[in-house]
Amino acid sequence: MPSYPPREMSEAERRRRAAARARRKKEIRRNRIIFAILCLALLALIVFGMVKLVGLFTKDKDSSSGSTSSSTSISVSGDSTSEPASGSESGSTSSPESGSASTSEPASATGTAATTGGGGADWLLTLVNNNVKLPDGWEDTLETKVADSSTGKELATVAADAFINMKNAAAAEGVDLMLCSGYRSVEYQQSLFDAEKQKWLDKGNSEEEAYNQAKTVVAVPGYSEHNSGLAADIVTPKHQNLDEAFGKTDAAKWLFEHAPEYGFILRYPENKQAITGIIYEPWHYRYVGVENAKAITASGLCLEEYLDENLQKA
Ligand SMILES: [Zn+2]
């Protein structure tokens with residue numbers, strides 16, 4: 001019994017403890033508020049970052065070079081430097097004029113082809129990749145026009161007409177297609193490449209080192225299929241990122257099924273990375289003409305393989 005403290009003491013003690021508890025509670029509340037504020041700030045930062053990233057990611061990947069041969073090498077900086085949102089097209093003749101465009105006929109496979117590009121009737125099958133350069137003089141005879149008035153992007157005329165028809169057909173089925181990148185001049189590609197190379201020179205690299213480093217970020221001028229005017233990066237307004245997730249959109253599914261009817265092939269299929277040297281790009285289509293597109297798609301081959309086989313037959 002004597003172990004109990006006097007009643008007054010215990011009252012005082014209780015009050016002291018209650019006060020301490022209240023202080024602790026207040027402290028905890030304050031900490032919680034601070035924590036919540038920090039969380040909100042972090043969230044805001046993340047959202048801001050995502051918005052920024054989306055801006056970067058809407059650029060093309062395949063333009064960024066041989067480094068794309070492995071699926072891990074997608075580089076954001078590469079995309080952004082290789083194709084700024086304004087695009088090569090902004091400097092050229094692109095003025096939105098959907099009126100005249102939409103009246104044009106569907107481009108038939110090889111018929112209209114021979115009159116337009118860099119040479120014979122098979123010019124639509126011209127190979128451009130990391131190892132094969134755009135033929136000399138190609139751009140001298142290349143005619144381009146705006147293929148999508150909403151973005152102002154251009155394609156070789158024959159491909160632009162086909163794209164317009166394809167876009168209209170998709171729209172009739174409730175699918176919105178959007179050309180986010182088309183023709184890029186070699187000159188524009190060169191300016192991108194030079195700027196990237198200069199960055200590496202400024203860091204004290206040798207000419208050769210700078211060249212090789214730049215190559216991993218920006219496609220060497222003349223080695224991007226977009227230089228040909230026959231390559232189209234197609235997205236949909238609701239999903240403008242050039243990423244693998246685009247492949248799951250209605251637009252990608254529609255393209256996968258119908259693009260060959262308009263002369264376009266999926267240029268970098270998922271299972272052909274080792275051959276194309278480019279990662280799976282569900283947005284990148286290549287115009288080859290309707291007959292070629294149907295034949296290539298039916299064969300299950302990528303363009304490199306298809307051309308190899310046809311050369312062997314010839
Ligand atoms: Zn592309």
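## Following the chain from a buried cysteine

C180 is a buried residue, with 14% relative accessible area (buried is under 20% relative accessible area, exposed over 50% and partly exposed in between, with a 1.4 Å probe and protein chains only). This is a predicted model, where local features need pLDDT of at least 70, side-chain atom pairs count only at pLDDT 80 or more, and totals for chains, interfaces and linings use all residues. Residues are numbered from 1 along each chain as its sequence is written, and side-chain values use heavy atoms, leaving out hydrogens and water. C302 is another buried cysteine, at 3% relative accessibility. As for disulfides (cysteine sulfur pairs within 2.5 Å), the structure has zero.

Let's step back for a moment. The protein has 314 residues, and 44% of them are buried. Its secondary structure adds up to 11 helices and six strands (DSSP runs numbered from the N terminus: H or I of at least four residues for helices, E of at least two for strands). Take the contacts (heavy atoms within 4.5 Å) between residues at least 6 apart in sequence: 71% of these link residues at least 24 apart. On the outside, the accessible surface (Shrake-Rupley, 1.4 Å probe) is about 16600 Å², and carbon and sulfur atoms account for 57% of that.

Now for the sheet. Four strands form an open sheet in the order β3-β4-β6-β5, and the pairing is antiparallel (strands pair if DSSP finds at least two bridges between them). Why do β3 and β5 each have one side without a neighbour in the sheet? β3 (178-181) and β5 (264-266) are the edge strands, and each has a single partner, so one side of each stays free of a neighbour in the sheet. From one strand to the next, the twist averages 45 degrees. β5 runs antiparallel to β6 (residues 284-287), and three bridges join the two. Within this pair, F264 sits opposite Y287 of β6.

Helix α5 (residues 157-172) packs on this sheet and touches β3, β4 (231-235), β5 and β6. The direction of α5 makes about 80 degrees with that of β5 (axes are lines fitted to C-alpha atoms, for helices over the stretch in contact, with angles from 0 to 180 degrees between N-to-C directions).

Helix α8 (residues 250-258) is worth a look next. Its buried residues are A251, A252, W254, L255 and H258. They span an arc of only 165 degrees around the axis, so they lie on the same side of α8 (the arc is that of the directions from the helix axis to the C-beta atoms). Their cover includes α5, β4 and β6. Facing away from that buried side are the exposed residues D250, F256 and E257.

What links α8 to the loop between α5 and β3? E173 lies in that loop, and beyond its neighbours within four places in sequence, E173 makes contact with W254 and H258. E173 and W254 are 81 residues apart along the chain, yet their C-alpha atoms are 9.3 Å apart.

Finally, there's α10 (residues 290-299), where V290, N292, A293 and I296 are buried. These residues take up an arc of only 160 degrees around the axis, so they fall on the same side of α10. E291 and A298 are exposed on the other side of α10. After α10 comes G300, with a positive phi near 75 degrees.
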